[in-house]
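This briefing goes through one structure by topic, beginning with a single residue and moving outward. Please keep the sequence and the coordinates at hand while reading.

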Amino acid sequence: MWTEHWMNGMWVFPFIMIIVMLFVVFMIFGRGGFRPPWSNNDNYYSNKPKETPLDVLKKRYANGEISKEEFDKIKNDIIMNAESCDINDKGNSCCSSKPEVKEVNLKEHWNKVFTNSPDEKLGWYETDLTPTLGLISTTGLNKNARVLNVGAGSTTLIDELLTKGYSNLIATDLSEVALKRLADRVGEVNVECITDDLTNPSNLKNIAPVDLWVDRAVLHFFTEKNEQDIYFDLLKNKVKSNGFVLLAEYNLNGATVCAGLPIHRYSKEMLIEKLGSDFELIDNFDHTYLMPSGAERPYIYALFQKK
Ligand SMILES: C[S@@+](CC[C@H](N)C(=O)[O-])C[C@H]1O[C@@H](n2cnc3c(N)ncnc32)[C@H](O)[C@@H]1O
């Protein structure tokens with residue numbers, strides 16, 4: 001009786017087998033190419049490169065979905081967001097926009113960065129300048145010392161130094177937009193502003209030597225050896241004997257991308273080698289800067305004195 005019942009139900013199994021096989025074939029081949037059923041990634045096993053946010057944006061612009069103004073604004077947002085990438089992200093996800101930016105004119109790039117963002121939103125904006133001010137105090141320089149802040153941007157360091165009574169301050173930057181913002185804030189008469197390129201200097205070649213050269217978050221943007229050579233030649237030429245050099249750059253645990261640009265990170269040994277035997281290391285330490293977004297950015301701070 002039971003066997004008869006089972007035999008009667010046997011006809012169902014071939015149908016179930018066919019449905020299962022059709023399902024498996026669809027999961028493997030029916031979703032844009034071969035990939036396992038458990039994968040939701042459209043690029044699994046595919047040679048097609050993953051679309052970056054910029055690729056998507058370009059498509060939308062090409063399709064007429066957004067205007068040129070919207071395109072430029074969103075492109076800038078994507079570039080600025082690269083600043084928030086995880087420090088261990090070695091060029092993936094949002095950081096993959098960097099080669100795009102390297103191709104554009106850097107002066108234009110930095111002018112746009114400053115035009116499109118208030119100071120407090122910039123990924124390097126500081127309210128606590130203790131590491132820099134501590135090292136400047138270590139120099140023992142007097143308040144008339146000639147201080148050159150390279151790649152100053154619209155830094156609050158100038159405000160702090162003016163408050164402390166320093167009276168001979170020079171700020172230089174590639175971006176005239178940044179320098180104008182700085183001069184408007186602290187007063188044109190209180191800081192000499194020089195627009196110039198540290199990797200191709202012209203005006204800077206003619207300035208009188210300085211007692212202190214301060215660089216926070218600028219040198220690390222110079223990824224090519226020839227750019228670094230030009231920077232260090234200018235520095236060695238413009239710092240007086242017994243004068244000081246304060247460098248604060250991303251350390252070897254730092255991010256590989258900042259403001260959408262690739263970074264060359266530094267250790268103490270690398271800085272010593274770059275400065276050469278004419279400069280003595282006075283002090284150095286690691287410092288973790290917290291971006292306005294709350295993300296951590298590890299820096300190395302180093303103070304040198306020229307012999
Ligand atoms: C990350 S910001 C740091 C600004 C400032 N030092 C601070 O700590 O707030 C980098 C600055 O370097 C400037 N910069 C980039 N490349 C430069 C170059 N080749 N010559 C001069 N300045 C440059 C940018 O315009 C920008 O103001």
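## Packing, helix H7 and the ligand shell

Leaving aside residues up to four places away in sequence, Leu-182 touches Ala-152, Ser-154, Thr-155, Ile-158, Ala-171, Val-191 and Cys-193. The model is a predicted one, and the points below place Leu-182 in the nonpolar core before turning to a helix and to the ligand.

**Nonpolar core**
- Leu-182 is one of the residues with the most contacts inside the largest nonpolar core, which has 56 residues, and the others named with it are Val-147, Ile-158, Leu-212, Trp-213, Val-245 and Leu-246.
- Strand E5, spanning residues 239-250, supplies the largest share of this core, namely seven residues.

**Helix H7**
- Within helix H7, which runs over residues 130-139, the buried residues are Thr-132, Leu-135, Ile-136 and Thr-139.
- These residues lie on the same side of H7 because they cover an arc of only 100° around the axis.
- An α-helix has 3.6 residues a turn, so residues three or four places apart point the same way.
- The exposed residues Thr-130 and Ser-137 sit on the face of H7 that is turned away from its buried side.
- The buried residues of H7 pack against helix H8 (157-163) and against strands E4 (210-216), E5, E8 (279-290) and E9 (296-306).
- Gly-140 follows H7 and has a positive phi, near 75°.

**Ligand surroundings**
- There are 18 residues around the ligand, and those that come nearest are Trp-110, Gly-151, Gly-153, Leu-174 and Leu-198.
- Sorted by class, the shell around the ligand consists of 10 nonpolar, five polar and three charged residues.

Note on methods
Residues are numbered from 1 along each chain as its sequence is written. This is a predicted model: local features need pLDDT of at least 70, side-chain atom pairs count only at pLDDT 80 or more; totals for chains, interfaces and linings use all residues. A residue is near a molecule or strand if its C-beta atom, placed from the backbone, lies within 6 Å of it. Ala, Val, Leu, Ile, Met, Phe, Trp, Tyr, Cys and Pro count as nonpolar, Asp, Glu, Lys and Arg as charged, and the others, Gly among them, as polar. A nonpolar core is a set of buried Ala, Val, Leu, Ile, Met, Phe, Trp, Tyr and Cys residues joined through C-beta atoms within 7 Å. A residue is buried if 20 or more other C-beta atoms lie within 10 Å of its own, exposed if 12 or fewer, and partly exposed in between; C-beta atoms are placed from the backbone. Helices (H or I, at least four residues) and strands (E, at least two) are DSSP runs, numbered from the N terminus. Two residues are in contact if their C-beta atoms, placed from the backbone, lie within 7 Å. The arc is that of the directions from the helix axis to the C-beta atoms.
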